[in-house]
Structures are given as C-alpha cells and as structure tokens.
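Ready to work through a few exercises on helix packing and empty space? Have the sequence and the 3D view open, and try each task before reading its solution.

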Amino acid sequence: MPVISVRIPQLGEGLQEALLVEFLKKPGDRIKRDQPIYVMETDKATTDVESPYDGTLVEWIVEPGTVLSIGTEIGRMEVAAGIEEMPAGHGPAAHSAASSAPTATTGNTRVAARPRTDIQIPPRTRRLLKEKGLLEIAGQIPCEGGKLMPEDVEAWLAAGGPTAATSANGDVALAVKAPPAAVLVSNEQFEVVPLSQSQITLNYRLVRGTQAAVPVTVMTEVDWSALEAARSAARSSGGPTAFAMACWCVVQSMKTHDRFRSAIAADGRAFRVFRRINLGVAVALPGDLLVTAVVRDACQLDQPRFYSALAAAVDQARDDKDQADESTTLTVSNIGKAGMRWGIPAIVTPAMATLAIGQVVPTPVPDGSGFRFRPTVNATLGFDHRVANGVGAANFLDHVRNGIESFRLA
C-alpha cells in the first residue's frame, strides 16, 4: 500500500506559518478522513486539523512546539491504492522537515540526531529525570521498546551523559554541559545549541504579539498590607501565597471588565468575549525558560478551589507543559519573585494583556506629623490597545488594586 505525506494545509488567507501544538493520533492508529489528528495555533485561533485521507498513520516527522511553514510535511500515512497526495498551500519540499535535523558528523563539527518524540515515560522515570534535571532532553536517551525506564537513564548517565547537582537553595541544575546530542554544531569559535520547544513556542507568540498587538502600558502602586496580613494568617496552615491571593483579585476584576476576557476577531471588526475566565500565570523554569499555567474556569471557583487549581496548574507547568490557548486572554507574572520592582511586560499572544506584579518594598507614607512605612508593590499592565483603551485599562487596574487593598481570606 502506498505511503503519502501529511502536510500543513492553508489555515487562513495570507498565513505563512503556524505553531504545531500537539498530536491527537499516534503511529499505528487507523484514521478516517476528516478526523482531527493534530492541533495548530495561528494568529487567528487554535485549530484541530483534520486528516485529508482514510488510512493508517505511519509516523510523525516533526515535534510539537515547532513553528512550521504552510505546506510542510509533518507526517506520513499508509493509504489505499489510487489515493493521491493532496496539495496543501505552499511550503518546503517533502524532505525539508527531516533535513532540519541532520545526523552526520564531520571533522570537529557535531550535528544532533532528531530526538525521539514517541517514547513513553512512566511516573518513576519522570521523577528521576526531574531529579537529574534531564526532563527536557528525555527524547535523546536510548531505550528499548519505546518506553524509557529508570535503568535506561542510569545507564545513559554512566556512559557519559550529564550529571546533576543541587544548589544551596535545593534547586536541581545540570553540573556539566549538555551531552553532544544537545549541540547542533560545535567548532573552535562557537556552539549552536537548539532552543527548547517551550522557548520556540514563547518566541512564536511574542513575535505574533509585536506584529499584531498595539502595546500600551499603565502602572499603579498597590498597598500590599491586606495581603501580607492574610498571608501571615494562612502561613501556619500551608495556605495560599500572597501572589495567589492577588491572582484571585485579578479574576474578580475580569468578571466585570469584559475587554480583559476578549480577543479581537481576525478581520478586526468584532470581539470574541469569553463567558468564562481562563487565567494565565507565567511560570519560570530552570534554564531561563518560561511557560504559562492556566487556571481554567477560574470565575466558577471559590477561593479554596481557586488556590488548589492554581497550584495544580503550576505543578503541571513545571513539567514544561504550556497550557495557554486562545481563551487565555490575560497572564499574570510575578516579577517580584526575581527581585524586580517593576517592568514593562510583553504581550504574549494569545493573551491580550500581561499584568506584572513587582517586589514588595516598604514605602513611606504620611502619618500625622511624620511618616510610617507600608508594604507596596508596583503593578504594571501591558495591554493591546486594539482591545482595550487607556481609560478602560486604567479602570481595570484600579479595580484590581482596590480588590487587593480590601482583600479578605475566605
């Protein structure tokens, strides 16, 4: 039976490229025509892409999290005799997706083989990979039968893979450079090191933000006293952090400011106003990586369930699982955790706004004939002026500030 290519179709007029989000089918699956088989993200929407053929999936030849041109070959299917490959917009030749990951070694230049994406990682192995700081490069570790076991990881380390070290604050970090397979090119002058899939995704969304959004920034000071008091009361029982409480306040403001749960239509003539709030929270990972955790249906949750859902989403994000989609209209970033008082946040599409919460600092305020110090943060809101105007953004940020300053722990 013939094997033909599966290519990215034209997903919208004038579209040149799209982000491959995830595969919905695996090699060996029997697939019907028009059945969704993978997910693509464009500047217009996140879309389930349907199979153009009846047949059996043979293989995927690219990785999720990759930005690809329209027409790129991403997989191959075995089909019945007589079925011809369908043209799919424009794009590179059939061999180009695979040729982006050469395997040859010449002279003093090392070139990486493409990591495997079809391996299964049991929970015990995942824990070991996280402990060793190797989760991101798990696909480069040899294994038998498509399942990566702890003994495979240990054998690879014993054969010269990277080791891990624990820093003074308990964080696990690689103690030596990544193995040669993580380096695309190495010579006397430089090395070419591939970006992680999460960084490729972030870069794609940042570029989309600069191409489409009209960025504007507003900022205000926020009295953090109520959150500090609530955090002190909750600390002994392992309750939520002050940042989690601030995120709760953001959700309450989004309920009454519908522009901050909206996205502009592709033709620029309408808004898509989401009925529910899927709050994004930026999560920093080792190696200066950044992904987005999402608290889904946040507006439907009371405080205890919200804090639990936020913690679960952050835990998932720490496994390098970005959760943002077109319904994630606003992302909150805790730049204060990195010691920053304020910063101008980028708009990371699909969100239309980013709220950066800075470091808590004691600020002098008049008190009778003298001064007292109160804990204060700077809250900086970057937003897309096509979706919200300055007054609307200022009113939203003022509502968030009032919610934080009058906060009560449930």
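**Exercise 1. Find how helix 6 passes helix 7, and work out how the two are oriented.**

Solution. Start with the handedness: helix 6 crosses helix 7 in a right-handed way. Keep in mind that you're looking at a predicted model.

Next, take the angle. Helix 6 covers residues 242–256 and helix 7 covers residues 303–317; their axes come within 10 Å and cross at roughly 115°. Angles of 65 to 115 degrees count as roughly perpendicular, so helix 6 and helix 7 get that label: roughly perpendicular to each other.

Now look at who touches whom. On the helix 6 side you'll find Ala244, Met245, Cys247, Trp248 and Val251, and they meet Gln303, Phe306, Tyr307 and Leu310 in helix 7. Sorted by class, this contact has eight nonpolar residues, one polar and no charged.

**Exercise 2. Work out at what angle helix 6 and helix 8 pack, and which residues make the contact.**

Solution. First, the geometry: the axes of helix 6 and helix 8 are 9 Å apart, and the packing angle is about 135°. That makes helix 6 oblique to helix 8. The crossing of this pair is right-handed.

Then list the partners. Helix 6 brings Ala246, Cys249, Val250, Gln252, Ser253, Met254 and Thr256, while helix 8 brings Phe396, His399, Val400, Gly403 and Ile404. Count by class and you get seven nonpolar, five polar and no charged residues in the contact of helix 6 with helix 8.

**Exercise 3. Do the packing exercise once more, this time for helix 5 and helix 6.**

Solution. Helix 5 spans residues 225–235, and it packs against helix 6 at about 125°, with the axes 9 Å apart. Helix 5 and helix 6 are therefore oblique to each other. As for handedness, helix 5 passes helix 6 in a right-handed crossing.

Who's involved? Leu227, Ala230 and Arg231 come from helix 5, and Ala242, Met245 and Ala246 come from helix 6. The contact of helix 5 with helix 6 divides into five nonpolar residues, no polar and one charged.

**Exercise 4. Track down the largest cavity and say what lines it.**

Solution. Begin with the idea behind the search: rolling a probe the size of a water molecule over the atoms shows where empty space is left.

Counting cavities of 30 Å³ or more gives one. The largest cavity has a volume of about 30 Å³.

Now for the walls. Val222, Trp224, Leu355, Ile357, Val377, Ala379, Val400 and Ile404 line the largest cavity. Strand 21 (353–357), strand 23 (370–384) and helix 8 (390–405) each give two or more residues to that lining. By class, the lining has eight nonpolar residues, no polar and no charged ones.

**Exercise 5. Place Thr220 and find its contacts from farther along the sequence.**

Solution. Locate the residue first: Thr220 sits in strand 15, which runs over residues 215–223.

Then jump along the chain. Asp398 is 178 residues away from Thr220, yet their C-alpha atoms are separated by 7.8 Å.

Finally, collect the contacts, leaving out residues up to four places away in sequence: Thr220 touches Val377, Asn378, Ala379, Leu397 and Arg401. Two of these names should ring a bell: Val377 and Ala379 also belong to the lining of the largest cavity.

Definitions and conventions. Residues are numbered from 1 along each chain as its sequence is written. This is a predicted model: local features need pLDDT of at least 70, side-chain atom pairs count only at pLDDT 80 or more; totals for chains, interfaces and linings use all residues. Side-chain values use heavy atoms; hydrogens and water are left out. On a 1 Å grid over the protein atoms alone, a cavity is a set of points where a 1.4 Å probe fits but cannot get out, and a pocket is an open set with protein on both sides within 12 Å along at least five of seven lines; lining residues have an atom within 4 Å of a point. Grid points are joined across faces, edges and corners, and a volume is the space filled by probe spheres set on the points. Helices (H or I, at least four residues) and strands (E, at least two) are DSSP runs, numbered from the N terminus. Ala, Val, Leu, Ile, Met, Phe, Trp, Tyr, Cys and Pro count as nonpolar, Asp, Glu, Lys and Arg as charged, and the others, Gly among them, as polar. Axes are lines fitted to C-alpha atoms, for helices over the stretch in contact, and angles run from 0 to 180 degrees between N-to-C directions. Angles under 35 degrees count as roughly parallel, over 145 as roughly antiparallel, 65 to 115 as roughly perpendicular and the rest as oblique. A crossing is left-handed if the near helix is turned anticlockwise from the far one by less than a right angle, and right-handed if clockwise. Contact means heavy atoms within 4.5 Å.
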